[in-house]
Structures are given as C-alpha cells and as structure tokens.
Amino acid sequence: GYNYRLTDVQAALGISQMNKLDLFLRLRTIYAGMYTEGFAQMPELICPVPAADRMSGWHLYVIQLRPEKLSTGVKRDEVIQALLAENIGVNVHYIPVYYHPYYQSLGYERGLCPHAEEGYEQCISLPLFPAMNGKDVQDVIEAVRKVMHYYSGSGD
C-alpha cells in the first residue's frame, strides 16, 4: 500500500499550528457568527446551527438553499457560478460517496439516499478561514445577498 506517515517537516508544521489553535477557533467562531447574523433575514437560506451543548470548530460554513424561495428552476450550480462571478470562492463539499466512479462500478446508483442527494444539491460552502478579516466576511455576505436577491425573483 500507501505510506501515510508524516514527514518531520509536516509534523513540525502541525505542532507550530497547534500554538495558534485558540486564535484560529476564535476567529472562525467570530466569522461564523457574522455570517449567521448577516443571513438571518434571508428566507432563501438555511444556516448551520451548532448544538447548544457543543463547541463547533467551524471547519466549514455551509449554507443550504431553499429552492421553494428561489425562482423556478434555479439550481445550486447557477448560484455558485454567480458567487464566483462576484469573486467569492465558494465550493461544494461532501459529494455522496456512491456518486464516485468506484462505487458506480460496484453497482451503486443515484437515488439510493434521496435525502443526502437533496442536501448535496442544495448546499454551498462559503469561505471561512483564519486569514480572513471582517471586511472579507462582509464582502461574502453582500455577495450572497446580491445573488439571493437576484435568484429569489426580487431582483433583475
């Protein structure tokens, strides 16, 4: 097989990053809060809500589109392209595993997990990383507002 051992340089980098963990978590929590507040009045979106008895590391901030609040026929990929055009580095994470060619070759077919597939078709990961600043977060919020306004049928 594969050799998944860390090199000494990778281990040293990991150790040095651990010294910044509290700062990274604090910044991610602040930015996630800014997103949540910025999107609070947007019925086109569902925002993540961490469990009250846990602390999120905010690895990702994933918004879920509410298709019933968007213009008929608008798909996630159109929203992604519009956000990319606004210079927002959005992404899609966590494709259903059986969509991958290996599992397709084993006979797994789409439709196996309809709820997972629906979620996958509606979710977009927004930028969230410690090197961002408050202005970066506000830029993302404004771009999402602009795109949602357009695709909700309220804007042309």
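A salt bridge is taken here as a side-chain nitrogen of Lys or Arg within 4 Å of a carboxyl oxygen of Asp or Glu. In the predicted model, the pair K146 and E86 meets this criterion, with the closest N and O atoms 2.9 Å apart. K146 is located in helix α6, which spans residues 134-151, whereas E86 belongs to the loop between α3 (76-85) and α4 (101-105); the contact therefore ties together parts that are 60 residues apart in sequence. The relative accessible area of E86 is 32%, so this residue is classed as partly exposed. Side chains of opposite charge can pair when their charged atoms come close.

The structure holds 6 salt bridges in total. Another of them involves helix α6: R145 is paired with E142, and the closest N and O atoms are separated by 2.7 Å. Both R145 and E142 lie within α6, at a spacing of 3 residues, or about one turn of the helix. R145 has a relative accessibility of 34% and therefore counts as partly exposed. E142, with a relative accessible area of 43%, is also partly exposed, because the partly exposed class covers values between 20% and 50%.

A further salt bridge joins R66 to E68, for which the closest N and O atoms are 3.2 Å apart. R66 is partly exposed at 26% relative accessibility. E68 reaches 55% relative accessibility and counts as exposed, because that class begins over 50%.

Methods
Residues are numbered from 1 along each chain as its sequence is written. This is a predicted model: local features need pLDDT of at least 70, side-chain atom pairs count only at pLDDT 80 or more; totals for chains, interfaces and linings use all residues. Side-chain values use heavy atoms; hydrogens and water are left out. Buried means under 20% relative accessible area, exposed over 50%, partly exposed in between (1.4 Å probe, protein chains only). Helices (H or I, at least four residues) and strands (E, at least two) are DSSP runs, numbered from the N terminus.
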